[in-house]
Amino acid sequence: MQIPKPCPKCGEFQLNRSRSKNIFEKGLKRILPIKTYRCHACHWRGWVSNRKITQEVSLRKAVLIYSAVIVISLIVANMLRIMILR
Ligand SMILES: [Zn+2]
């Protein structure tokens, strides 16, 4: 769901999604829960994130990554132990 966000410069609710201009922006967009926006009122262009949503998502993501790291390291440790014992 899209929640209207005010422009950081002029405060107008006229932000529209802007296309990524280069690989750097595309990469950032994938890593971080932010998107490029352009204001129709003042022509500001920049990054905007939805904090309420992103906090929840990033917390869930962090928990997932953390548990994945623990599971993987346990598997690797077990594999190493088996290899050493041979
Ligand atoms: Zn603006």
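User: Two strands pair if DSSP finds at least two bridges between them; with that in mind, which residue in β3 is the bridge partner of Tyr37?
Analyst: This is a predicted model, in which local features need pLDDT of at least 70, side-chain atom pairs count only at pLDDT 80 or more, and totals for chains, interfaces and linings use all residues. Residues are numbered from 1 along each chain as its sequence is written. Strand β2 covers residues 34–39 and strand β3 covers residues 45–49, and the bridge partner that Tyr37 has in β3 is Gly46.

User: In what order do the helices and strands follow one another along the protein chain?
Analyst: Helices (H or I, at least four residues) and strands (E, at least two) are DSSP runs, numbered from the N terminus. The protein chain holds 2 helices and 3 strands. When these elements are read along the sequence, the pattern is β-α-β-β-α.

User: Over how many bridges do strands β2 and β3 pair?
Analyst: Within this pair of strands, Thr36 stands opposite Trp47 in β3, while Tyr37 has Gly46 in β3 as its bridge partner. The strands β2 and β3 run in the antiparallel sense, and the number of bridges over which they pair is 5.

User: Which residue in the hairpin of β2 and β3 takes a positive phi?
Analyst: The hairpin joins strand β2 (residues 34–39) and strand β3 (residues 45–49), which pair in the antiparallel sense. Between these two strands the hairpin has 5 residues. A positive phi near 65 degrees is found there at His43.

User: Which residue of β2 does Leu15 stand opposite?
Analyst: Strand β1 spans residues 15–17. The strands β1 and β2 pair in the antiparallel sense over 3 bridges, so that β2 pairs with β1 as well as with β3. Opposite Leu15, the residue in β2 is Cys39.

User: How far apart in space are Lys9 and Cys42, C-alpha to C-alpha?
Analyst: Lys9 is found in the segment before β1, and along the sequence Lys9 and Cys42 are 33 residues apart. In space, taken from C-alpha to C-alpha, the separation of Lys9 and Cys42 is 7.8 Å.

Terms used:
Two strands pair if DSSP finds at least two bridges between them.
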